[in-house]
Amino acid sequence: MNPKLPYVLLVGAAVVIFALSCALLSRGRRSPSCESQPRTEEEMGSTGQSLVFADLTPAELAQVVRYLQGHLGLRLVDAAHAKPSDNCIASVELQVPAKAEVLRFLDGAGARPPREALAVLYFGDQPDPNITEYVVGPLPTPVYHRDVTVRRYRRKVPYHRRPMLASEYEQVGAFLKTVAFAAAPTFLKEVLEYDSTNVAFQSAAPHGFQSGDRKSWFALFQNVSGFFVHPVGLEVLVDHSSLDISRWAVSRVFYNGQYYRDMMQLESAYVQGRISVEKVRRAPRDGDFSSMKPRAPSAALFPLQYEPQGPRYSIRNNHVLYQAWSFAFGMSVSTGLRLFDIRHKGERVAYEISIQEAMSVYGSNCPGGMSTRYMDGSFGIGRYTSPLVRGVDCPYSATYIDTHSLSETLRPSKRKASLCIFEQNLGSPLRRHYSNLQSLYYGGLVNSALVLRSIATVGSHDYVWDFIFYQNGAIEGKVQATGYPSSSFLHGDGLRYGNRVWDHTLGTIRTHFINYKVDLDVGGVKNSLVAHDMAFEVVRAPWNPEQQIERPRLTKKVLDTEDQAAFRLQAKMPRYIYFAANSKNKWGHQRGYRIQVTSSAGDHVPEGSSMERAISWARYQLAVTRRKEEEPTSTSIYNQNDPWTPTVAFADFINNETITNEDLVAWITAGFLHIPHSEDIPNTVTVGNAVGFLLRPYNYYDLDPSIYSHDGVFFTSEQDVTACEVNPVACLPQTASCLPNFPPFTYDGFQNM
């Protein structure tokens, strides 16, 4: 044996141990944290002008309340505790200035418009109770108020049209528990095991069958988590039209398929054994089958996305800048998320894009369900915008924004993290081509887009509202529906109106209709509406006249009146409809933005219905009208409680006016049908329940603007695809090998409820 061999082996072993130690130490060493790249002022741009659209601040809201309290000469009760016979402030929000005034300011020639508030007041303590709307200004120190009710609605607004306050719901609940239920103690105790705490109420709307009615069906559910799918079979019709709560009364009672005059008659029939009883097993507090608590333990972490060099967008106040995009955002109490002054590459393409309404029509063989037509704007899509959960409702690393509002109270309220903004890698190419003919190359662009999101929880359902900005100049408006399904107590022929989803629960059929306002300004304020489509023409082959060819050709039509531009839900609509500018691109085509609707909506309600005019916007998948300051919205919060004499009827907007070379507005309706099924328990998923619209450049540019994106990838067969200067994706192991700076998880959604 060679005497040097042990030494050689020892040295070799030491080298191996040293190498392994280094590898293990380097593997265990923490990667550096990701650091944001500094943004220059040029990148940020000028954002001060966008404040003309900014929501009122808490200080401004408080100033408006103080002004109204001191200048109306009336006692104003806090709406949170108001009786129907009181005067109170229902809401205060920004009064958006007139468009012409704003454009003069934004485009450099005019003064900043005065900042004003719109206040909605209920006057119940007056000889002629009514709803009055005031414009209050200028802010931050108001000195005037103007009654704009008649100017806005051409008439006074009757008091019975007022949306129900939370206090009125509480008062009806107290009436049911202390007055109505006292007449049926045996039935309630033995059938419902009623103990004054174990039932929850859900109200139908509208409240009756004719103008002036305020009679509401209140369905009873077990008061457990997810109570919406725990009906007990009892529903009570309450007449709460009197401003004197002591005069409220029960008009009808329904239990398990039978109607009764009042609770006393129900009690008598039960005691005498003349009722068919379906006793519902009492659910635990967590709701059992309706609980959203996961049925499986946590396992491997779901995928996350992060920005290795920090966000590529910037936010100042209510202004957002993202690559070639800029826009202002705000939140209306009634209609929710809205955008203003949307620009691409510095040029305004839209003045306003906003949600208008979310409406559902229900079916059931129970009275509450069959009479429900919810118009969520009346309840407040913005008011019920919910705090967002980091990492679930939006990506963990998104930017979360607080909003402030004043609704049904005398004090401003903050909704923490009620908006989120994030750039999302959609996991697919925006465009790409792999060439294996002639030259060999690959070119592509990752589809990253900016998303602005809010989520409104109105009753049982949750709406995920998105506005999405793509690198090719397209904008998408999208809503995804989730939440609990609607339900009624299963009895009789209930399966004609839905599917059975639990022992006594009928998941009831309902429609969803969403309306948007899109005020496009393509190449300027004045636009025309043009339709392009395709038709086949039969021709003889020029080189062989004995043969024929069916070839597609382009059809073109200018839609020059509002009647021509109003497309009914089931009507055939040209596949390319666009707002055309008075300018042309390099190739001689009118610059335009195309409207593309994504929807599976059916009929809203029969047009012969006495309430159809209140939701007549839902007749149309698309309607384009001349823009008018006196037609700011397609509906009204007062339509819910008096749809038979609507305060705003969208059908009246369409009166065959000329729309050629005018300031135009597109009113877009998207919708879908929901037939609840067993997989909707415990909760409806967003998959397949998304509708909306796209705004896409159509000859607006000379070529696809995304070709100028910094995210593009291109390489040929002759290049080194692993070189960073050739292919930036090859650098990801270096440029993205950092740990994201995830902030600690917090949630304030259960505070100040």
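In this predicted model, Ser487 stands opposite Gly507 in strand S24. Ser487 belongs to strand S22, which spans residues 487-489. S24 covers residues 505-508, and 3 bridges join S22 to S24. The two strands run antiparallel.

This pair is part of an open sheet of 3 strands. The order is S22-S24-S23, and the pairing is antiparallel. S22 and strand S23 (498-502) form the edges, each pairing on one side only. On average, neighbouring strands of this sheet are turned by 40° against each other, direction ignored.

Ser487 also takes part in the lining of a cavity. The structure holds 5 cavities of 30 Å³ or more. The largest cavity has a volume of about 240 Å³. Its lining is made up of 25 residues. Those closest to the centre are Gln202, Ala219, Phe221, Gly369 and Ser487. By class, 13 of the lining residues are nonpolar, 11 are polar and 1 is charged.

Several elements contribute to this lining. Strand S6 (199-203), strand S7 (215-222), strand S8 (231-239), helix H9 (367-370) and strand S22 (487-489) each supply at least two residues. S8 gives the most, with 5 residues. The largest cavity lies between domain 2 (166-290) and domain 3 (313-698), because both domains give residues to its lining.

S6, S7 and S8 recur in a second sheet. Here 5 strands form an open sheet in the order S6-S7-S8-S9-S10. The pairing is again described as antiparallel. S6 and strand S10 (258-260) are the edge strands, and each pairs on one side only. From one strand to the next, the twist averages 25°.

Within this sheet, 6 bridges join S7 to S8. S7 and S8 run antiparallel. One of the pairings involves Trp217, whose bridge partner in S8 is Leu237. S7 and S8 thus appear both in the sheet order and among the suppliers of the cavity lining.

The chain on either side of S6 has notable backbone geometry. Ser196 is found in the loop between helix H7 (185-191) and S6. The phi angle of Ser196 is near 80°, a positive value in a residue other than glycine. Beyond S6, a cis peptide bond joins Ala205 and Pro206, with omega of about 5°. Pro206 lies in the loop that connects S6 and S7.

A further cis peptide bond joins Ile681 and Pro682. Its omega is also about 5°. Pro682 is placed in the loop between strand S32 (662-674) and strand S33 (690-698).

Domain annotations from UniProt cover three spans of the chain discussed here. An unreviewed entry places the feature "domain: Copper amine oxidase N2-terminal" at residues 64-144. This span is 20% helix and 32% strand. The end C-alpha atoms of residues 64-144 lie 10 Å apart.

The unreviewed UniProt entry places "domain: Copper amine oxidase N3-terminal" at residues 162-257. Over residues 162-257 the chain is 23% helix and 30% strand. The end C-alpha atoms of that span are 32 Å apart.

The feature "domain: Copper amine oxidase catalytic" is placed by UniProt, in an unreviewed entry, at residues 305-707. Over residues 305-707 the chain is 2% helix and 54% strand. The end C-alpha atoms of this span are 24 Å apart.

Terms used: Residues are numbered from 1 along each chain as its sequence is written. This is a predicted model: local features need pLDDT of at least 70, side-chain atom pairs count only at pLDDT 80 or more; totals for chains, interfaces and linings use all residues. Side-chain values use heavy atoms; hydrogens and water are left out. On a 1 Å grid over the protein atoms alone, a cavity is a set of points where a 1.4 Å probe fits but cannot get out, and a pocket is an open set with protein on both sides within 12 Å along at least five of seven lines; lining residues have an atom within 4 Å of a point. Grid points are joined across faces, edges and corners, and a volume is the space filled by probe spheres set on the points. Helices (H or I, at least four residues) and strands (E, at least two) are DSSP runs, numbered from the N terminus. Ala, Val, Leu, Ile, Met, Phe, Trp, Tyr, Cys and Pro count as nonpolar, Asp, Glu, Lys and Arg as charged, and the others, Gly among them, as polar. Domain bounds come from an automatic or database domain assignment. Two strands pair if DSSP finds at least two bridges between them. Axes are lines fitted to C-alpha atoms, for helices over the stretch in contact, and angles run from 0 to 180 degrees between N-to-C directions. UniProt positions are given in the numbering used here, feature names are shortened, and annotations may be inferred rather than shown by experiment.
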